[in-house]
Amino acid sequence: PSVRDFYDSYSYFEDAIHSVFPKVKIFLENRAGSVYSHGKFLVSTVDSLIELTAVAGPAEKLDIVLDLPQLFTAHHFKFPKAAKDRIRDLFRELKLIREHIKGIHLWGKKPGATGRIVAHQGNLDDYFADKEIKKLVLDCLCKLLDDNMPRYFVPEVNSNDGDLENIIGDLVDAGFAFV
């Protein structure tokens, strides 16, 4: 299916939900790889997000929760070796759709007991493995979302409370405010 086909189907779904629950907020999230199906996702890269928001029109017609780790996967970023210029360019492109971004989905990733890298475990130090890269990403994210619009924080940390607290602390240190 095309992005247009998806959006047309989504519009029917959204209208049906809002007819029953008029105040509910619906968010779409980008997705990249999966260890389960190895499937290709329609909305995974910045270009596909830009295409989707162009089809949708004004920001009030489509709300996105931006999954940063999935976006980095879709763009083949390998941390800690990701090029700083590529990181900056990615966030520069995201600025084109920032009014559609109503939340951020953030999580860590680290080796599990078997040595395989496990998503939703650990904190951002585990994920980025380089404090300078982590700082750059958080600074770019803060600048991207520095438009006085409140957004949702959608963490997914299955390891422990300390890892979640660490991620929140990193966001606060970067300039984010929680209300």
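**Figure 1. Pairing of strand β3 with strand β6 in the predicted model.** Ile104 has Phe153 of β6 as its bridge partner. The two strands, β3 (101-106) and β6 (152-155), run parallel and are paired over 4 bridges. In a regular strand, side chains alternate between the two faces of the sheet.

**Figure 2. Pairing of strand β3 with strand β2.** Strand β2 (residues 64-67) is joined to β3 by 4 bridges, and the two run parallel. Asp67 stands opposite His105 of β3. Strand β3 is mostly covered, with 6 of its 6 residues buried. Strand β3 thus pairs with β2 and with β6, in each case in the parallel sense.

**Figure 3. The buried face of helix α4.** Helix α4 spans residues 84-94, and Ile87, Leu90, Phe91 and Leu94 are buried within it. Viewed down the axis of α4, these buried residues fall within an arc of 90 degrees, so they line one face of the helix. An α-helix has 3.6 residues a turn, so residues three or four places apart point the same way. The face of α4 turned away from the buried side carries Asp85 and Arg92, which are exposed.

**Figure 4. Packing partners of helix α4.** The buried residues of α4 pack against three helices and two strands: α2 (46-56), α3 (68-74), α6 (131-144), β2 and β3. Two of these partners, β2 and β3, are themselves joined by 4 bridges.

**Figure 5. The lining of the largest pocket.** The largest pocket has a volume of about 600 Å³. Of the 22 residues that line this pocket, Met149, Pro150, Arg151, Phe176 and Ala177 are the closest to its centre. Strands β3 and β6 each supply at least two residues of the lining, and β3 gives the largest share, 3 residues. By class, the lining comprises 13 nonpolar, 3 polar and 6 charged residues.

**Figure 6. The surroundings of Glu14 in helix α1.** Glu14 is found in helix α1, which covers residues 3-20. With a relative accessible area of 12%, Glu14 is buried, because the value lies under the 20% cut-off. Leaving aside residues up to four places away in sequence, Glu14 touches Ile26 and Lys61.

Methods. Residues numbered from 1 in each chain as written. Predicted model: local features only at pLDDT ≥ 70, side-chain atom pairs only at ≥ 80, totals over all residues. Heavy atoms only, no water. 1 Å grid on protein atoms, 1.4 Å probe; cavity = no way out; pocket = protein on both sides within 12 Å on 5 of 7 lines; lining within 4 Å. Points joined across faces, edges and corners; volume = space filled by probe spheres on them. Nonpolar A, V, L, I, M, F, W, Y, C, P; charged D, E, K, R; others polar. Buried < 20%, exposed > 50% of the residue type's maximum accessible area, 1.4 Å probe, protein only. Contact = heavy atoms within 4.5 Å. Pairing = 2+ DSSP bridges. Arc of directions from axis to C-beta.
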